[in-house]
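Open the model in your viewer and keep the sequence panel beside it. We will go from stop to stop, selecting as we go.

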Amino acid sequence: RGPSRAVSMNGDQLKFGAMGEITGKATKVVRSGRLDVAVLFPGNDDDTDLGLAEISRDAPVIPGGFKLHEEVFYGGKDWKYANGDQLVYGAKGKIAGCSCQGDEGDKLHVAVLLTGEDWKY
């Protein structure tokens with residue numbers, strides 16, 4: 001369900017929609033109040049700790065009819081994060097997968113990889 005991303009320095013990757021196998025309880029990252037599991041994906045050397053909101057028994061469907069890698073634009077107010085990063089109106093990005101916050105909003109939100117000069121960091 002979650003967005004594609006690198007997960008280790010050895011080149012292991014998570015790819016949206018990839019099938020993996022649960023290998024046990026999470027051991028690398030322990031987050032208070034969350035039940036995380038270790039998952040091994042084909043082509044990866046190590047298992048990856050993931051929250052239950054990030055995995056699914058069925059193929060994930062991106063909300064709103066969006067498609068993976070589809071180009072989108074940010075239409076909200078300019079936003080400055082505590083670390084200094086800024087998200088500005090009109091910023092260009094690509095759909096990276098489903099939202100995986102583990103709440104009801106996951107049915108309405110998508111994960112977007114922001115690209116280009118409109119994402120200030």
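Start with β3, β4 and β5. In this predicted model, these three strands form an open sheet in the order β3-β4-β5, with antiparallel pairing. Which strands sit at the edges? Select residues 21-25 for β3 and 48-51 for β5: these are the edge strands, and each pairs on one side only. Now look at how the strands cross. On average, neighbours in this sheet are turned by 45 degrees against each other, direction ignored.

What holds such strands side by side? Strands of a sheet pair through backbone hydrogen bonds, either parallel or antiparallel.

Add residues 36-40, which make up β4. Four bridges join β3 to β4, and the two run antiparallel. For one rung of that ladder, pick Glu21 and find its bridge partner in β4, Leu40.

**Next stop: strand β9**

Select residues 92-98. Is β9 mostly buried or exposed? Five of its seven residues are buried, so the rest of the structure largely encloses this strand.

Now bring in the strands that pair with β9. Select residues 71-73 to show β6, which is joined to β9 by three bridges and runs antiparallel to it. Click Phe73; its bridge partner in β9 is Lys92. Then select residues 110-114, strand β10. Here β9 and β10 pair over five bridges, again in the antiparallel sense. Ile95 is a good place to zoom in: Val112 of β10 stands opposite.

**Next stop: a loop residue**

Go to His69. Where does His69 lie? This residue is in the loop between β5 and β6. Check its backbone angles: phi is positive, about 75 degrees, although His69 is not a glycine. Turn on the surface as well. His69 counts as exposed because its relative accessibility is 54%, and the cut-off for exposed is over 50%.

**Next stop: two rings**

Show the side chains of Trp79 and Tyr81. A search of the whole structure finds one aromatic pair, and these two residues form it. The arrangement is edge-to-face, with 6.2 Å from centre to centre and 75 degrees between the planes. How open are the two residues to the outside? Trp79 is partly exposed, at a relative accessible area of 49%. Tyr81 is also partly exposed, at 37%.

**Next stop: the pockets**

Switch to a surface view. The largest pocket holds about 490 Å³ of space. Which residues lie nearest its centre? Select Ala18, Phe41, Glu54, Ile55 and Ser56 to find them, among 23 lining residues. Colour the lining by class: 13 residues are nonpolar, four are polar and six are charged.

Move to the second largest pocket, with about 160 Å³ of space. Ten residues line this pocket, and Val7, Lys28, Asp47, Thr48 and Asp49 lie nearest its centre. Its lining divides into two nonpolar, two polar and six charged residues.

**Last stop: the whole chain**

Zoom out and show the cartoon. How many helices and strands does the chain have? The count is zero helices and eleven strands. The C-alpha trace spans about 40 × 30 × 30 Å along its principal axes. To finish, colour by accessibility: of the 121 residues in the chain, 28% are buried.

Key: Residues numbered from 1 in each chain as written. Predicted model: local features only at pLDDT ≥ 70, side-chain atom pairs only at ≥ 80, totals over all residues. Heavy atoms only, no water. Phe/Tyr/Trp six-rings, centres within 6.5 Å; stacked < 30°, edge-to-face > 60°. Buried < 20%, exposed > 50% of the residue type's maximum accessible area, 1.4 Å probe, protein only. Pairing = 2+ DSSP bridges. Axes fitted to C-alpha atoms, helices over the stretch in contact; angles between N-to-C directions. 1 Å grid on protein atoms, 1.4 Å probe; cavity = no way out; pocket = protein on both sides within 12 Å on 5 of 7 lines; lining within 4 Å. Points joined across faces, edges and corners; volume = space filled by probe spheres on them. Nonpolar A, V, L, I, M, F, W, Y, C, P; charged D, E, K, R; others polar.
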